[in-house]
Amino acid sequence: MDDLSTMTTDCCICGGGPAGMMLGFLLARAGVNVIVLEKHKDFLRDFRGDTIHPSTIQLMHELNILDDFLKVPHQEVTTLKGQYNDFTVQIADFSYLPLAKPVLGLMPQWDFLNFIATQAKQYNNFKLLTEANVTELVKTNGKVSGIKAVTPNGMLTVSANVVIGTDGRRSTVRQQANLKVSTTGAPIDVLWFRLSRKKIDPVETFGRFAMGRMMVLLQRGEYWQCAYVIAKDGYEKIKQNNITSFQKEVAATAAFLSDRVDELKDWEQVKLLSVAIDHLEQWYCDGLLCIGDAAHAMSPIGGVGINLAIQDAVATANILYKPLLDKQPITIDILKQVQQRRMFPARIIQKVQVFIQNGIIQRKTDLTKQTKLPFFFKLLKWFPVLQRIPARVVGMGVRPEHIKTPKA
């Protein structure tokens, strides 16, 4: 028989991703008792988003931990560029954003999460439980009052004033709560892989549109993290060809990689990201709230998913910390405030992503017929001041949040 153990806390957070770790840190910093459950042993998983947007860096400044944060190995980007066939165009300039450090950071997500975890562990009222897989919601008189999780030591039951689901786009929590998901759909998937980087390579992260192909290259120091866009559910068809065919496709998209595409020896080195855009019609039920990808799964376009999740976490902490500190019941009306605050920015960003997918990426095969730079890109070249608009949308998002939780 399994060893049944129990724990009690003010807030139980299911999922140790960006939303869960940031929320746990902010609540613990304010004096709230918090338990975060993460099903994996650590945060070390590849091919996760690693963009730390200016809005997130600003939060580090507001928390007075920016100097320590910047000591974590990372790259800083002040502009975003794109290569369209033979044309290079600067798309966004972050340097004009009214922030303490107006740059976009590139940091492996595991390093970011480890940094936030280190900050949170300074508080005795914070607990991070790894290898704790949440499998079931516990209800009392119809209200969610806790969770059950499988751990290496057996079953664990955690009772809490409120349960927060931050367990991603395949959320067990939202499924257990029977929260209704509305799917927008996405016409694309993404193939992730690594190729080595040489000193003579471009310095910046950038996107490439070439002869009907699209690929984003994220500069990771010693290597490129590559995101190659394909048609939805097209991976199996691509795999029917040998890896050499795919090597040629990559080389045709980014010619400077031609001398190293043979580093891709087989399809095991290529990982599929199935793109989904969806949202919960209602983010909450009595005793439970979902935020981040659990509430609104984002496309990888713009790399905004991490930062939108962090913004959700800040808003949630701002709204919940005081009633949790006062040991008040977290009512549906309180949880509703979070959705009212964060649903608008999430839906606007999703609409922008759908527009880009349907209006640009889905029609990318038309690029084979175009030898001139599209009018939109021409405007950005003719009027550089316009680059501040995509910088504002990508770098700060819609309705950026600010730290209102105190330090206990």
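Let me begin with R260, which is buried in this predicted model, with a relative accessible area of 2%. Its salt-bridge partner is D259, and the N to O distance between the two side chains is 2.9 Å. D259, by contrast, is partly exposed, at a relative accessible area of 45%. Why does R260 count as buried while D259 does not? The cut-off for buried is under 20% relative accessible area, and partly exposed runs from there up to 50%. R260 has 2% and therefore counts as buried, whereas D259 has 45% and therefore counts as partly exposed.

Let me turn to a second pair, D312 and R342. These residues form a salt bridge in which the closest N and O atoms are 2.8 Å apart. D312 belongs to helix α8 and R342 to helix α9, so this salt bridge ties together parts of the chain that are 30 residues apart in sequence. Both residues of the pair, D312 and R342, are buried. There is also a network to point out: K198, D201, D259 and R260 are joined into one by salt bridges that share partners.

How many salt bridges does the structure hold? The count is 13. Another of them is formed by the side chains of R169 and D293, at 3.4 Å from N to O. This pair links distant parts of the chain, 124 residues apart: R169 sits in the loop between β11 (154-165) and α5 (172-176), and D293 sits in the loop between β20 (288-290) and β21 (296-297). Are these partners buried or exposed, or in between? R169 is partly exposed, with a relative accessible area of 22%, and D293 is partly exposed with a value of 22%.

I shall now move from the salt bridges to the internal space. Rolling a probe the size of a water molecule over the atoms shows where empty space is left. In this structure, the count comes to 3 cavities of 30 Å³ or more. The largest cavity has a volume of about 120 Å³. Its lining consists of 15 residues, and those nearest the centre are V304, N307, L308, M396 and G397. Which elements give two or more residues to that lining? They are α8 (305-325), α9 (332-361) and α11 (388-395). Helix α8 gives the most, with 3 residues. Sorted by class, the lining of the largest cavity has 8 nonpolar, 5 polar and 2 charged residues.

The second largest cavity holds about 50 Å³ of space. Its lining is made up of S55, Q58, L59, E62, L99, Q311, M396, P400, E401 and H402. M396 thus appears in this lining and also among the residues nearest the centre of the largest cavity. Helix α2 (residues 54-62) supplies the largest share of the second lining, 4 residues. By class, the lining of the second largest cavity has 4 nonpolar, 4 polar and 2 charged residues.

Finally, I return to helix α9, which holds R342 and also V352. V352 has a relative accessibility of 34% and so counts as partly exposed. How far apart are the C-alpha atoms of V352 and F126? They are separated by 37 Å, and the two residues are 226 residues apart along the chain.

Note on methods. Residues numbered from 1 in each chain as written. Predicted model: local features only at pLDDT ≥ 70, side-chain atom pairs only at ≥ 80, totals over all residues. Heavy atoms only, no water. 1 Å grid on protein atoms, 1.4 Å probe; cavity = no way out; pocket = protein on both sides within 12 Å on 5 of 7 lines; lining within 4 Å. Points joined across faces, edges and corners; volume = space filled by probe spheres on them. Nonpolar A, V, L, I, M, F, W, Y, C, P; charged D, E, K, R; others polar. Salt bridge = Lys/Arg side-chain N within 4 Å of Asp/Glu carboxyl O. Buried < 20%, exposed > 50% of the residue type's maximum accessible area, 1.4 Å probe, protein only.
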